Amino acid sequence: MTAPGHVFVVEGAASSQLPLRLLGFFAQQDLLPATICMTRSTSGLAMRIVEATLDEHRAGVILAKMQALPDVASALLTESQGASCLIGEDG
């Protein structure tokens, strides 16, 4: 499955709250991401979230909020014409 847009790549603790908190940033703006992928491993969670309708400023604001979460180890933002669900070492 692929979708164009901003790609948020987040790694963090294997917390049941983390996916909900990350997706909440999109829900607060009434956005439904095109693609949401998550992999859990012994080292934590890896998520890839693709949102096609965000402008650069709003994408940057969401990224900053993600990076501020205590359970987030890293959060990156890229642009992609087609982001797949292949994340982590197994993907």
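**A walk from strand S4 to the nonpolar core**

Start by selecting Thr78, which sits in strand S4 (helices, H or I of at least four residues, and strands, E of at least two, are DSSP runs numbered from the N terminus). You are looking at a predicted model, in which local features need pLDDT of at least 70 and side-chain atom pairs count only at pLDDT 80 or more, while totals for chains, interfaces and linings use all residues. Residues are numbered from 1 along each chain as its sequence is written, and side-chain values use heavy atoms, with hydrogens and water left out.

**Stop 1: Thr78**

Show the surface around Thr78. With a relative accessibility of 40%, Thr78 counts as partly exposed (buried is under 20% relative accessible area, exposed over 50%, partly exposed in between, with a 1.4 Å probe and protein chains only). Now add Gly5, His6 and Val7: Thr78 touches these three once residues up to four places away in sequence are set aside (a contact is heavy atoms within 4.5 Å). Gly5 is 73 residues from Thr78 along the chain, but their C-alpha atoms are separated by 8.6 Å.

**Stop 2: the whole chain**

Zoom out and colour by secondary structure. The protein has 2 helices and 4 strands, and from the N terminus on you can trace them as β-α-β-β-α-β. Among the contacts with a separation of 6 or more, 75% are between residues 24 or more positions apart. Of the 91 residues, 38% count as buried. Switch on the surface and you have about 5400 Å² of accessible area, 53% of it belonging to carbon and sulfur atoms (Shrake-Rupley method, 1.4 Å probe).

**Stop 3: Met66 and the core**

Next, select Met66 in helix H2. Is Met66 buried or exposed? Met66 is buried, as its relative accessible area is 0%. Display its contacts beyond four places in sequence: Phe8, Val10, Leu22, Phe25, Phe26, Ile49, Val72 and Ala75. Leu22 is 44 residues away from Met66 along the chain, with 6.5 Å between the C-alpha atoms.

Which residues have the most contacts inside the largest nonpolar core? They are Phe8, Leu22, Phe26 and Met66, in a core of 18 residues (a nonpolar core is a set of buried Ala, Val, Leu, Ile, Met, Phe, Trp, Tyr and Cys residues joined through side-chain atoms within 4.5 Å). Colour strand S1 (5-12), helix H1 (18-27), S3, helix H2 (56-68) and strand S4 (72-80), since each supplies at least two residues of this core. In soluble globular proteins, nonpolar side chains tend to be buried together.

**Stop 4: Glu51**

Move on to Glu51 in strand S3 (residues 44-51). With a relative accessibility of 2%, Glu51 counts as buried. What is the nearest side chain of opposite charge? For Glu51 that is Arg58, 7.1 Å away, and Glu51 has no salt bridge (a side-chain nitrogen of Lys or Arg within 4 Å of a carboxyl oxygen of Asp or Glu; Lys and Arg count as positive, Asp and Glu as negative, and His and the chain ends are not counted). The side chain of Glu51 does make a polar contact of 2.4 Å with that of Thr53 (a pair of N or O atoms within 3.5 Å, one able to donate a hydrogen and the other to accept it; residues adjacent in sequence count only if both atoms are side-chain atoms). Leaving out residues up to four places away, Glu51 touches Gly5, His6, Phe26, Leu31, Leu32, Pro33 and Ala34.

**Stop 5: two loops**

Pick Asp30 in the loop between H1 and strand S2 (35-41). Asp30 counts as exposed, at 73% relative accessibility. Check its backbone too: phi of Asp30 is near 55 degrees, a positive value in a residue other than glycine. Most residues other than glycine have a negative phi.

Finish at Gln17, in the loop between S1 and H1. Gln17 counts as partly exposed, at 38% relative accessibility. Draw a line from its C-alpha to that of Asp71, 54 residues apart along the chain, and the viewer should give 9.0 Å.
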